[in-house]
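Visitor: Could you walk me through this structure, taking its parts one at a time?

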Amino acid sequence: FPDGPTSVNLTGEEFSVSREGIVSSQSVRRMTAEVILFVCTGNTCRSPMAEALFRQMLAARIGCQPDELPDHGYFVSSAGIAASYGSPAAPESATLVAEHGTSLDSHESQPLTERLLNHADFVYTMTRGHRSAIIARRPEVADRVRLLASDGGDIPDPIGCGMEEYERCRDAIEGHLNRILADFPLPDLS
């Protein structure tokens, strides 16, 4: 086992590990990962779909498996403004992301907390109301909190509206995620 300190060199915003010690290069990368957070109301429909789809899309763009994203410097998560802890994803959301080859089987809802906001580099909200609620409470994070929809519109909550509405919601989310991913800062893979 390595021992002693780990030496990290910083150049601007880039880092490299010049000596691996107790803390591995992989651990350093995970600790400095970009945190992408999707926010809706209850964290059972919209934000879990956005999280699962974005994780899959980002992994494909980088060329890794979704569960390897932290090793490439990315954590993707979701939360809800009025969520409780531990609720599963809505069955409709789980079915629709499964059609895209990803899963919400292990999803457990979580409320948006101060800790999540403090760690998030990018926060994407489903509605203007979600964004306003976050900024009203934490105005200093306004530059990190954006609407998912680039046109300034809301992603309507499909809960209780049937599978057709969930499909429209998923399609809208996916379209906006494609736009975000096109402009997303990716690591130099050379």
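The questions and answers that follow deal with a helix, the nonpolar cores and the salt bridges.

Guide: This is a predicted model, in which local features need pLDDT of at least 70 and side-chain atom pairs count only at pLDDT 80 or more, while totals for chains, interfaces and linings use all residues. Residues are numbered from 1 along each chain as its sequence is written, and side-chain values use heavy atoms, with hydrogens and water left out.

Visitor: How many residues of α2 are buried?
Guide: Helices here are DSSP runs of H or I with at least four residues, strands are runs of E with at least two, and both are numbered from the N terminus. Helix α2 covers residues 46–62 and reaches 24 Å from its first C-alpha to its last, close to the 24 Å expected at 1.5 Å a residue (1.5 Å times one less than the number of residues). Buried means under 20% relative accessible area, exposed over 50% and partly exposed in between, with a 1.4 Å probe and protein chains only. By that measure α2 is mostly covered, and of its 17 residues the number buried is 13.

Visitor: Which element gives the most to the largest nonpolar core?
Guide: A nonpolar core is a set of buried Ala, Val, Leu, Ile, Met, Phe, Trp, Tyr and Cys residues joined through side-chain atoms within 4.5 Å. The largest one has 34 residues, and Phe-54, Leu-58 and Ile-173 are among those with the most contacts inside it. The elements that give two or more residues to this core include β3 (34–40), β4 (74–80) and α6, but the one that gives the most, with nine residues, is α2.

Visitor: How far apart are the closest N and O atoms of Glu-99 and Arg-170?
Guide: A salt bridge is a side-chain nitrogen of Lys or Arg within 4 Å of a carboxyl oxygen of Asp or Glu, and the whole structure holds ten of them. Glu-99 is exposed, at 55% relative accessible area, whereas Arg-170 is buried, at 8%. In the salt bridge between Glu-99 and Arg-170, the closest N and O atoms lie apart by 3.3 Å.

Visitor: Is Glu-165, which meets Arg-168 in a salt bridge, buried or exposed?
Guide: The side chains of Arg-168 and Glu-165 meet at 2.9 Å, N to O, and the two residues are three apart in helix α6, which means that about one helical turn separates them. Arg-168 is partly exposed, with a relative accessible area of 46%, while Glu-165, at 18%, is buried.
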